[in-house]
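Work through the exercises below with the sequence and the structure at hand, and try each task before reading its solution.

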Amino acid sequence: MATLQKWVRTHPDFKPAFNSAILNDKKKYDLENIEEECGIYCLAMHPTGFDDDNNMSKFYIGSSVNIKKRIQGHLLSLRKNKHYNREFQDCFNNCMQFNAYFLEHCDENNLLTKEEEWRSKYCEGSLLNKNK
């Protein structure tokens, strides 16, 4: 089994799961006072009673020229039960703890490229993003 795990981690197609440890050094937003920044953000949905060892969290990586407006838009549609991403909506409806983090500043022209770089580093199963 150890040989298989070593092979998987060294295989060129291996992508680790996005997890809470990645967010330890990132700025956590106070949802009432989000800054108007341009860049990449992460919305984290943690089970109630979340701790750093919990592997049941789900994450959404996004980008915006105005992160404040974009996160407020997500929250509004989630609260109205009308979010376009059903899995994300289900997590929210199941009383998962919602946190927002700032991942990286970037120029408006590089937003989608940077977002895709962040998303492509991690296995899809740990992200709530839907592939286009």
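**Exercise 1: a covered strand**

Determine how many residues of strand β3 are buried, and find how this strand pairs with β2.

Solution. Begin with strand β3, which spans residues 58–64 and is mostly covered, since 6 of its 7 residues are buried. In this predicted model, the next step is to look at strand β2, residues 39–46, which pairs with β3 in the antiparallel sense over 7 bridges. To follow one of these bridges, start from Gly-39, whose bridge partner in β3 is Ser-64.

**Exercise 2: salt bridges within a helix**

Explain where Asp-90 and Arg-86 lie relative to each other in helix α3, and state whether they are buried or exposed.

Solution. The structure holds 5 salt bridges, and one of them joins Asp-90 to Arg-86, with the closest N and O atoms 3.7 Å apart. Because the two residues are 4 apart in helix α3 (residues 86–93), about one helical turn separates them. Asp-90 is partly exposed at a relative accessible area of 37%, and Arg-86 is partly exposed too, at 43%.

**Exercise 3: a link between two elements**

Identify the elements that the salt bridge between Lys-114 and Glu-104 connects.

Solution. In this pair the closest N and O atoms are 3.3 Å apart. Lys-114 belongs to helix α4 (residues 111–120) and Glu-104 to strand β4 (residues 97–105), so that the pair links distant parts of the chain, 10 residues apart. Lys-114 is partly exposed, with a relative accessible area of 23%, and Glu-104 counts as partly exposed at 22%.

Notes:
Residues are numbered from 1 along each chain as its sequence is written. This is a predicted model: local features need pLDDT of at least 70, side-chain atom pairs count only at pLDDT 80 or more; totals for chains, interfaces and linings use all residues. Side-chain values use heavy atoms; hydrogens and water are left out. Buried means under 20% relative accessible area, exposed over 50%, partly exposed in between (1.4 Å probe, protein chains only). Two strands pair if DSSP finds at least two bridges between them. A salt bridge is a side-chain nitrogen of Lys or Arg within 4 Å of a carboxyl oxygen of Asp or Glu.
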